[in-house]
Amino acid sequence: MAGVRALGVYRGVLKELRNLQGSEYTHSMAYTHLREQFRSNQVTGERYCRAKKEALHTCQVYLCLLESTRLHMNLHQLYHGRGERGPEEVAQLVGLRMPTQPGGKGWEE
Amino acid sequence: MLPGLCRFHGLVSRALVPLAGRQVELKLLGCSANVQRARYATPATERKKFYRDVTISQGEGGLYEINLDRRKLKTPGGKLFTVPNEALAIAVATEWDAQKDTLKFYTMHLTTLCNTALDNPTQRDKDQIISAALKFLETDTVCYRVEEPPGLVELQKNEWDPVLEWIEKRYNVVIGSSYSIMGPQIPEETKDTFRQHLKSYNVWSLIGLEYVISQLKSVVLSLGLIDRHLTVEQAVLLSRLEEEYQIQHWGNVEWAHDYDMYELRARTAAGTLFVYLSSESATVKKKILQD
């Protein structure tokens, strides 16, 4: 049963890494390190391996980190990303235009 | 603690090394004098991504450094950015690598934590950090119970009581919950037990732990996370229990509730990961198979 959950977590982190780094995520350090960790923690002589569960929990926390940063960024872009409108746009919203002065004002560039 | 972190978020943009970056900065500062041409989309906290590759290298003393293209990363305080173990260095490098076009420092939680640990801007030693962390115990979220509505009382009993029982059993302490506004009375022995336990962690782990506690507003939940009794999602849910109850009653507002929840999850996960990676040490013992 722990094996099934481990697979889910592993695939989750790989998906997040692929999302971040594109198709060459297999060359990244994070991918190599992750694979090493999972491989090395697989084989053990103990029946109840605390290190395996600890490594799995750490990986789950990392998955949560990657996933929630991504979702947070998405929500930010969606709802809070636009910023304020410039004065030109605001004027156009109500059908007015910005005043212009030929030669510019004295303190403008 | 948090104001210190926020201040350093801003300082990061000024203390990063490259010269080209400085020129961009000066231009931005120059045109802020001109009110008419105020720039709305590029505040001083957004910098362009000025590097292509992120790699790590091992420097002196076995400490790992991050290289952005050819330049070494530095902390806002000007020190060289060094990390004691490889896994944390890789995670930080992945954070920097994940930036596209502009650098969003508010998503780089692990980097912020490392900067705080390296610079120690408020100049605290281990005991001060432990006292600051344990101060949250008197106002721990899990100990404050309401008397109505009955649904929430029930929920608090079912969700928070098991965690309290677990921590009381594990650390052999008395915490208890309270219905009054003054909160629970925490006996001195409880605080001493926790102080003893926390002394066994190193400074980096303590900084991470204090960060998690200040995010979750609960010492009990943070210790549950550190001891791997809870997952991050569970801990965040328990911390926001009343909010979740109200959401179920009144409905969910995506741009506020989900936004806050994901941000809290990201920060808590970063803090927890920071504690795990700073406090663990792995050794591999190979058994020789006898044929």
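**The interface of chain B and chain A**

Guide: In this predicted model, chain B and chain A bury about 3300 Å² between them, with 69% of that area on carbon and sulfur atoms.

Visitor: What makes buried area a way to describe an interface?

Guide: Interface size is often expressed as the accessible area lost when the parts come together. The figure of about 3300 Å² is summed over both chains.

Visitor: Which elements of chain B supply at least two residues each to the side that touches chain A?

Guide: They are β2 (54-58), α3 (86-97), α10 (232-239) and α12 (254-279) of chain B. The largest share, 13 residues, comes from α12(B).

Visitor: How many residues of each class does that side of chain B have?

Guide: It has 21 nonpolar, 7 polar and 11 charged residues.

Visitor: How many residues does each chain bring to the contact?

Guide: Chain B brings 39 residues and chain A brings 35 residues, the criterion being heavy atoms within 4.5 Å.

Visitor: How many salt bridges does the rule find across the interface of chain B and chain A?

Guide: The rule asks for a side-chain nitrogen of Lys or Arg within 4 Å of a carboxyl oxygen of Asp or Glu, and it finds 0 salt bridges across this interface. Polar contacts between chain B and chain A number 9 residue pairs, both residues at pLDDT 80 or more.

Visitor: Why are β2(B) and β3(B) called paired strands?

Guide: Pairing requires at least two bridges; β2(B) and β3(B) (residues 64-68) have 5, in the antiparallel sense, and therefore count as paired. Ile56(B) stands opposite Ile66(B) in β3(B). In their hairpin, with 5 residues between the strands, Gly61(B) takes a positive phi near 75°.

Terms used:
Residues are numbered from 1 along each chain as its sequence is written. Chains are lettered from A and ligands numbered from 1 in the order in which they are written. This is a predicted model: local features need pLDDT of at least 70, side-chain atom pairs count only at pLDDT 80 or more; totals for chains, interfaces and linings use all residues. Side-chain values use heavy atoms; hydrogens and water are left out. Buried area is the accessible area (1.4 Å probe) that two parts lose on being put together, summed over both. A polar contact is a pair of N or O atoms within 3.5 Å; within protein, one must be able to donate a hydrogen and the other to accept it, and residues adjacent in sequence count only if both atoms are side-chain atoms. Helices (H or I, at least four residues) and strands (E, at least two) are DSSP runs, numbered from the N terminus. Ala, Val, Leu, Ile, Met, Phe, Trp, Tyr, Cys and Pro count as nonpolar, Asp, Glu, Lys and Arg as charged, and the others, Gly among them, as polar.
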